[in-house]
Amino acid sequence: MEQKVVLFAFRDDPMCFVHVLLYALDYEAKGWESKIVVEGAATKLIPELAKEGAPRHSVFKKVLDKGLFAGACKACSQAMKVLDEVQAAGLELLDDMAGHPSMSAFQEQGYTVVTF
């Protein structure tokens with residue numbers, strides 16, 4: 001049975017978010033299908049992490065290059081006023097549940113949902 005996990009990051013806490021990135025990389029390295037969804041206030045972290053030379057940019061870029069981001073919440077990116085920056089960083093905008101990403105859609109695809 002294929003193991004799949006999706007990590008939903010909600011908090012505007014850089015330390016917590018970096019752990020989400022590291023967990024996704026760890027799962028992927030161990031053969032799991034691993035995805036990250038950036039939600040809520042965590043969307044505000046994307047513009048800074050996407051900047052070349054910023055602290056923790058290298059881990060963000062590694063996750064991005066490996067295709068581990070499922071995307072970011074469109075409604076929250078708009079509400080946090082970072083929609084353009086999130087798109088420019090290369091994240092897909094997710095809005096399949098009234099403007100927000102659907103957790104149940106991931107569960108229907110066999111993912112275990114973990115929230116931060």
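Let's start with Arg56, which sits in the loop between helix 2 (46-49) and helix 3. Keep in mind that this is a predicted model. Arg56 is a residue other than glycine, yet its phi is positive, near 70°. That's worth a look, since most residues other than glycine have a negative phi. As for solvent, Arg56 is partly exposed, with a relative accessible area of 42%.

Lys81 tells a similar story. Its phi is near 60°, again a positive value in a residue other than glycine. You'll find Lys81 in the loop between helix 4 (74-79) and helix 5 (83-88), and at 68% relative accessibility it counts as exposed. There is a glycine to add here too: Gly67, just after helix 3, takes a positive phi of about 70°.

**Around helix 3**

Which residues of helix 3 are buried? They are His57, Val59, Phe60 and Val63. These four cover an arc of only 165° around the axis, so they end up on the same side of helix 3. And what covers them? Helix 1, strand 2 (33-38), helix 2 and strand 3 are among the parts that do. Flip to the face turned away from that buried side and you meet the exposed residues Ser58 and Asp65.

Asp65 has a partner, by the way. Its side chain meets that of Lys61 in a salt bridge, 2.9 Å from N to O. Both residues belong to helix 3 and are four residues apart, which is about one turn of the helix. Asp65 is exposed, with a relative accessible area of 52%, whereas Lys61 is partly exposed at 35%.

**Salt bridges**

How many salt bridges does a search of the whole structure find? It turns up seven. The general idea is simple: side chains of opposite charge can pair when their charged atoms come close. Here are some of the pairs, with the separation of the closest N and O atoms where two residues meet.

| Pair | N to O distance |
|---|---|
| Asp13 and Arg11 | 2.8 Å |
| Lys61 and Asp65 | 2.9 Å |
| Glu28 and Lys66 | 3.5 Å |

Take the pair of Glu28 and Lys66, which form a salt bridge. Glu28 lies in helix 1 (residues 14-29) and Lys66 in the loop between helix 3 (57-65) and strand 3 (69-73), so this pair ties together parts that are 38 residues apart in sequence. Glu28 is partly exposed, with a relative accessible area of 29%, and Lys66 is partly exposed too, at 41%.

In the salt bridge between Asp13 and Arg11, Asp13 counts as partly exposed at 23% relative accessibility. Its partner Arg11 is also partly exposed, with 46%.

**Ala72, on the inside**

Finally, is Ala72 buried or exposed? It is buried, with a relative accessible area of 0%. Ala72 belongs to strand 3. Leaving aside residues up to four places away in sequence, Ala72 touches Val38, Ser77, Val86, Leu91, Glu92, Leu93 and Leu94. Phe8 makes another reference point: it is 64 residues from Ala72 along the chain, and the C-alpha atoms of the two are separated by 9.5 Å.

Terms used
Residues are numbered from 1 along each chain as its sequence is written. This is a predicted model: local features need pLDDT of at least 70, side-chain atom pairs count only at pLDDT 80 or more; totals for chains, interfaces and linings use all residues. Side-chain values use heavy atoms; hydrogens and water are left out. A salt bridge is a side-chain nitrogen of Lys or Arg within 4 Å of a carboxyl oxygen of Asp or Glu. Buried means under 20% relative accessible area, exposed over 50%, partly exposed in between (1.4 Å probe, protein chains only). Helices (H or I, at least four residues) and strands (E, at least two) are DSSP runs, numbered from the N terminus. Contact means heavy atoms within 4.5 Å. The arc is that of the directions from the helix axis to the C-beta atoms.
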